[in-house]
Amino acid sequence: MPFCVKDWSCLHTADNPTEIGFVRGLLEAEDIETRVRSMELWAAAVEIYFAEGARPSVWVRDADLDRARKVLAQADRRGSAPDWICSGCGERLEGQFTACWRCGRAGSADD
Ligand SMILES: [Zn+2]
């Protein structure tokens, strides 16, 4: 579903798909509409792609940006990111970790 970039702001660039789901869940619980940008969806937005790299990002409407930032800030303080399973060794990791403490694999690895 394409949308107009100029009315939206990038709120958060994630390290892995789990994080994207977590952020969207937080925002949608507050009735904040979200869009997720990935390489595939945003191939046309070349300048944005190169500015932020290939990682997926969550976007919100400009009008919701301040509120969305507060929602994320509160979540960070609670440290309530969901657990995730390492794709390298199967270790269960707490949400605040972006890489596996056991084998060093980043949470975005999918092989
Ligand atoms: Zn691991």
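Among contacts in the chain between residues at least 6 apart in sequence, 54% join residues at least 24 apart. The model is a predicted one, and its chain has 111 residues, of which 33% are buried. One example of parts far apart in sequence is the pair Thr 18 and Gly 107: 89 residues separate them along the chain, while their C-alpha atoms are separated by 8.1 Å.

The chain contains three helices and five strands. Followed along the sequence, these elements give the pattern β-α-β-α-β-α-β-β.

Three of the strands form an open sheet in the order β1-β3-β2, and their pairing is antiparallel. β1, residues 8-13, and β2, residues 34-37, are the edge strands, and each pairs on one side only. From one strand to the next the twist averages 35°. In general, strands of a sheet pair through backbone hydrogen bonds, and the pairing may be parallel or antiparallel.

The pairing can be followed residue by residue. Between β1 and β3 (residues 57-61) there are five bridges, in the antiparallel sense. Along this pairing, Cys 10 stands opposite Trp 59 in β3, and His 12 stands opposite Val 58 in β3. Four bridges join β2 to β3, again with the strands antiparallel. Here Val 36 has Val 58 in β3 as its bridge partner. Val 58 thus faces His 12 in one pairing and Val 36 in the other.

How many of the five residues of β3 are buried? Four of them are, and the strand is mostly covered. Part of the surroundings is helix α1, residues 17-29, which lies across β1, β2 and β3 and runs at about 20° to β3.

Two neighbouring positions in this helix can be compared. Thr 18 is found in helix α1, and its relative accessible area of 35% makes it partly exposed. Leaving aside residues up to four places away in sequence, Thr 18 touches Pro 82 and Trp 84. Glu 19 also has its place in helix α1. Is Glu 19 buried or exposed? Glu 19 counts as buried because its relative accessibility is 19%, and the cut-off for buried is under 20%. With the same sequence neighbours left out, the contacts of Glu 19 are His 12, Thr 13 and Ala 14.

The largest nonpolar core has 15 residues, and those that touch the most other members are Leu 11, Leu 27, Ile 32, Val 58, Val 60 and Ala 68. Two or more residues of this core come from each of α1, β3 and α3 (65-78). Which element gives the largest share of this core? That element is α3, with five residues. Leu 27 shows how parts of the chain meet: apart from residues up to four places away in sequence, Leu 27 touches Leu 11, Ile 32, Thr 34, Val 58, Val 60, Ala 68 and Val 71.

The loop between α1 and β2 contains Asp 31. Asp 31 counts as exposed because its relative accessibility is 70%. Its phi is near 60°, a positive value in a residue other than glycine. For comparison, most residues other than glycine have a negative phi.

The model also holds a zinc ion. Which protein atoms are its donors? They are the SG atoms of Cys 86, Cys 89, Cys 100 and Cys 103, lying 2.3 Å from the ion. The angles among the four donor atoms are 102 to 119°, and the site is tetrahedral. The ideal angle for four tetrahedral donors is 109.5 degrees. In sequence the donor residues follow the spacing C-x2-C-x10-C-x2-C. Cys 89 and Cys 100, eleven residues apart, link distant parts of the chain: Cys 89 lies in the loop between β4 (84-85) and β5 (92-93), and Cys 100 lies in the segment after β5.

These two donor residues have their own accessibility values. Cys 89 counts as partly exposed because its relative accessibility is 32%. Cys 100, at 4% relative accessibility, counts as buried.

Technical notes. Residues numbered from 1 in each chain as written. Predicted model: local features only at pLDDT ≥ 70, side-chain atom pairs only at ≥ 80, totals over all residues. Heavy atoms only, no water. Pairing = 2+ DSSP bridges. Axes fitted to C-alpha atoms, helices over the stretch in contact; angles between N-to-C directions. Contact = heavy atoms within 4.5 Å. Buried < 20%, exposed > 50% of the residue type's maximum accessible area, 1.4 Å probe, protein only. Core = buried A, V, L, I, M, F, W, Y, C linked by side-chain atoms within 4.5 Å. Donors = N, O, S within 2.8 Å, 3.2 Å for Na, K, Ca; no water. Tetrahedral: all angles 85-135°; square planar, octahedral: opposite > 155°, others 65-115°.
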